[in-house]
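Visitor: I am new to this structure and would like a close look at one part of it. Could you take me through the sheet and what surrounds it?

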Amino acid sequence: MNEQRRQILDMLAEGKITADEAERLIAALERSVDESPQDGEPRRKPPKYLRILVDDRSEGEQTRVNVRVPLQLLRAGVRLASLIPPHALDQANAQLQVSGVPIDLTQLKPEHIEDLIEHLADMTIEVQDPESNVNVFCE
Amino acid sequence: MMSQVATVHVHSGKARRIRLWIPLLPLYVVLSPLLVLFVLALLVACVMYRVNPFRALGAGARLLWALRGLQVQIKQGGTDVLVKLT
């Protein structure tokens, strides 16, 4: 855990993230420590929001994008997707395969969404290059 | 519950700061005639594609409900724009 905290502080020192973002990341890290498993059973709350932070310096001017998407929207989207006729799903699956995304949309059921959201809490995506920095995580 | 207020903050380095709290209920009332047309079109589409119209309406309403809490903030140079649904 100290390693992750050090990584955040390094990113702050290098100017890749702002002090606010560092504070949020450290708070998220501390929450994950507080909610760590006891007696082998995880007791953490499911995440409520998907956060997307983009910091771009590619055109000389700094651009920051901060998006917070309610995960309720994901639940609603999956319910909406369950209404798509089977032949349309087959076509979408075929196109996804062609694009190199082997996801079977027919297996995406509303009753599985809670498990999916629970596991999204563990997900953190960080993409860094010299001119931009993208963080995606759930909170 | 559907979003009740849209918050828009615009802050430009040189210009003054603009803060708007837009109540959405009047907007829903104004748009309600369009909603009737939308529901009719949805019913026709549901019949064409053999989808249960009640489930489709429920899913659409749930999607609208789920927008509450959405927040988008963009900062570029001295300009900062924040849009939030609460």
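Guide: Gladly; here is a walk along the sheet, with stops at its strands, its neighbours and its charged pairs.

Please keep in mind that this is a predicted model. Let us begin with chain A as a whole. Chain A holds five helices and four strands, and from start to end they come in the pattern α-α-β-β-α-α-α-β-β. Of the 139 residues in chain A, 26% are buried. Among the contacts in chain A with a separation of 6 or more, 54% join residues 24 or more positions apart.

Now to the sheet itself. Eight strands make up this open sheet, and both chains contribute: the order is S3(A)-S4(A)-S1(A)-S2(A)-S3(B)-S4(B)-S1(B)-S2(B), with antiparallel pairing. The edges are taken by strand S3 (124-129) of chain A and strand S2 (18-23) of chain B; each has a single partner strand, so one side of each has no neighbour in the sheet. From one strand to the next, the twist averages 5°.

At the chain A edge, S3(A) pairs with strand S4 (residues 132-138) of chain A in the antiparallel sense, over six bridges. You can find one place to look at in Thr124(A), whose bridge partner in S4(A) is Phe137(A). A helix also packs on the sheet: H3 (residues 71-81) of chain A touches strand S1 (49-56), strand S2 (63-70) and S4 of chain A, and the direction of H3 makes about 60° with that of S2(A).

Next, let us stop at Thr63(A), which sits in strand S2 of chain A. Thr63(A) has a relative accessible area of 15%, so it counts as buried, since the cut-off for buried is under 20%. Leaving aside residues up to four places away in sequence, Thr63(A) touches Val54(A), Asp55(A) and Asp56(A), and also Lys75(B) and Gln76(B).

Those last two belong to chain B, which brings us to the interface. Chain B and chain A each give 20 residues to the contact. About 1,800 Å² is buried between them, with carbon and sulfur atoms giving 60% of that area. The rule finds zero salt bridges across this interface.

Salt bridges do turn up elsewhere, with a count of four over all chains. One of them joins the side chains of Glu139(A) and Arg51(A), at 2.9 Å from N to O. Glu139(A) lies in the segment after S4 of chain A and Arg51(A) in strand S1 of chain A, so this pair ties together parts that are 88 residues apart in sequence. Arg51(A) is buried at 6% relative accessibility, while Glu139(A) is partly exposed at 25%.

Another salt bridge, between Asp55(A) and Arg64(A), has an N to O distance of 3.9 Å. Asp55(A) is buried at 2% relative accessibility, and Arg64(A) is partly exposed at 24%. Asp55(A) and Arg64(A) also belong to a network of salt bridges with Arg57(A).

Our last stop returns to the helix that packs on the sheet. The side chains of Arg75(A) and Glu114(A) form a salt bridge of 2.7 Å, N to O. This pair links distant parts of the chain, as Arg75(A) is in helix H3 of chain A and Glu114(A) is in helix H5 (residues 113-120) of chain A, 39 residues apart. Arg75(A) is buried, with 17% relative accessibility, whereas Glu114(A) is partly exposed at 40%.

Definitions and conventions
Residues are numbered from 1 along each chain as its sequence is written. Chains are lettered from A and ligands numbered from 1 in the order in which they are written. This is a predicted model: local features need pLDDT of at least 70, side-chain atom pairs count only at pLDDT 80 or more; totals for chains, interfaces and linings use all residues. Side-chain values use heavy atoms; hydrogens and water are left out. Helices (H or I, at least four residues) and strands (E, at least two) are DSSP runs, numbered from the N terminus. Buried means under 20% relative accessible area, exposed over 50%, partly exposed in between (1.4 Å probe, protein chains only). Contact means heavy atoms within 4.5 Å. Two strands pair if DSSP finds at least two bridges between them. Axes are lines fitted to C-alpha atoms, for helices over the stretch in contact, and angles run from 0 to 180 degrees between N-to-C directions. Buried area is the accessible area (1.4 Å probe) that two parts lose on being put together, summed over both.
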